[in-house]
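Me: I have a new structure in front of me. Please show me how to read its features, one at a time.

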Amino acid sequence: WSKLKPMEGPRWPIRCGHAFTAEDLARLREGLWPRSMDDRWAVHLEGDTLRCWLSWTGTCIYETRITVADDGTGVAAVLEVLDDDGDTYRRAATDEGELERFEGVLSQVRRQLGDDLVT
């Protein structure tokens, strides 16, 4: 997974407002890495940037900067979504639909890490 790249290509910014606990951020820094073919996403927080890649292509679909507060909690104000021609990823028709997809990725993280991520 060391060859995963930042998002490349056109981006679609969406206001997000997703909040994370300090523990969430610590675990995301460790990353969520696919263990089987059924695991569709790789997720990692590097510095202040959270990225989510489709595991089978290695394409970065979501990228967001996390603003970390003094207490260690964080907020993603804007979610950048890959906005390509649909060969790699077809963005949802609405911002709300795309945010639901992003929340679904975070749900996978929640299941694998065993704790709730704050929304």
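Me: Is threonine 64 buried or exposed, and why?

Reply: This is a predicted model. Buried means under 20% relative accessible area. Threonine 64 has 3% relative accessibility, so the residue counts as buried.

Me: Where does threonine 64 sit?

Reply: Threonine 64 belongs to strand β4, which covers residues 59-68.

Me: What does the side chain of threonine 64 meet there?

Reply: Look for a polar atom first. One on the side chain of threonine 64 lies 2.6 Å from the backbone oxygen of valine 78. Then list the contacts, setting aside neighbours within four places in sequence. Threonine 64 touches Asp48, Thr49, Leu50, Ala76, Val78 and Leu79.

Me: How enclosed is strand β4 as a whole, and why?

Reply: Count its buried residues. Seven of the ten residues of β4 are buried, so the strand is largely enclosed by the rest of the structure.

Me: How do I read the pairing of strands?

Reply: Here is the general idea. Strands of a sheet pair through backbone hydrogen bonds, and the pairing is either parallel or antiparallel. Now the case here. Strand β3, residues 49-54, runs antiparallel to β4, and six bridges join them. Leucine 50 stands opposite threonine 64 of β4.

Me: Which strand pairs with β4 over six bridges in the antiparallel sense, besides β3?

Reply: That is strand β5, residues 74-82, which pairs with β4 over six bridges. In this pair, threonine 67 stands opposite valine 75 of β5.

Me: What links the strands in these two pairs?

Reply: Each pair is a hairpin, so to speak, read from its turn. Between β3 and β4 there are four residues, and glycine 58 in that turn has a positive phi of about 75°. Between β4 and β5 there are five residues, and glycine 72 in that turn has a positive phi of about 90°.

Me: What is the order of the strands in the sheet?

Reply: Walk across it from one side to the other. The order is β1-β5-β4-β3-β2, in an open sheet of five strands with antiparallel pairing.

Me: Which strands stand at the edges, and what follows from that?

Reply: β1 (11-20) and β2 (41-46) do. Each has a single partner strand, so one side of each is left without a neighbour in the sheet. There is also an angle to read. On average, neighbouring strands of this sheet are turned by 20° against each other, direction ignored.

Me: How many bridges join β1 to β5?

Reply: Eight bridges join these antiparallel strands. One pairing to find is histidine 18 with its bridge partner in β5, alanine 76.

Me: Now the helix. Which residues of α1 are buried?

Reply: Helix α1 covers residues 22-30, and its buried residues are Asp24, Leu25 and Leu28. Look down the helix axis next. The buried residues of α1 fall within an arc of 95°, so they line one face of the helix.

Me: Where does α1 lie, and what follows the helix?

Reply: The helix lies across β1, β2, β3, β4 and β5, and runs at about 115° to β2. After α1 comes glycine 31, with a positive phi near 90°.

Me: What can I learn from valine 43 in strand β2?

Reply: Start with burial. Valine 43 has 0% relative accessibility, so this residue counts as buried. Then check its contacts, not counting residues up to four places away in sequence. Valine 43 touches Leu28, Gly31, Leu32, Leu50, Arg51, Cys52, Trp53, Val105 and Val109. For one of these, read the chain distance too. Leucine 32 is eleven residues from valine 43 along the chain, yet their C-alpha atoms are separated by 5.0 Å.

Me: And histidine 44, also in strand β2: is it buried or exposed?

Reply: Histidine 44 counts as buried, because its relative accessibility is 17%. A polar atom of its side chain lies 2.9 Å from the backbone oxygen of arginine 29. Beyond its neighbours within four places in sequence, histidine 44 has contacts that include Glu30, Trp33 and Thr49.

Me: Last, the cysteines. How many disulfides are there?

Reply: A disulfide needs two cysteine sulfur atoms within 2.5 Å. The count here is zero. The cysteine sulfur closest to that of cysteine 16 belongs to cysteine 52, and at 10 Å it is too far for a bond. Cysteine 52 is in no disulfide either, and its nearest cysteine sulfur, that of cysteine 60, is 7.2 Å away. Cysteine 52 has 0% relative accessibility, so cysteine 52 counts as buried.

Notes:
Residues numbered from 1 in each chain as written. Predicted model: local features only at pLDDT ≥ 70, side-chain atom pairs only at ≥ 80, totals over all residues. Heavy atoms only, no water. Buried < 20%, exposed > 50% of the residue type's maximum accessible area, 1.4 Å probe, protein only. Polar contact = N/O pair within 3.5 Å; in protein donor to acceptor, adjacent residues only side chain to side chain. Contact = heavy atoms within 4.5 Å. Arc of directions from axis to C-beta. Pairing = 2+ DSSP bridges. Axes fitted to C-alpha atoms, helices over the stretch in contact; angles between N-to-C directions.
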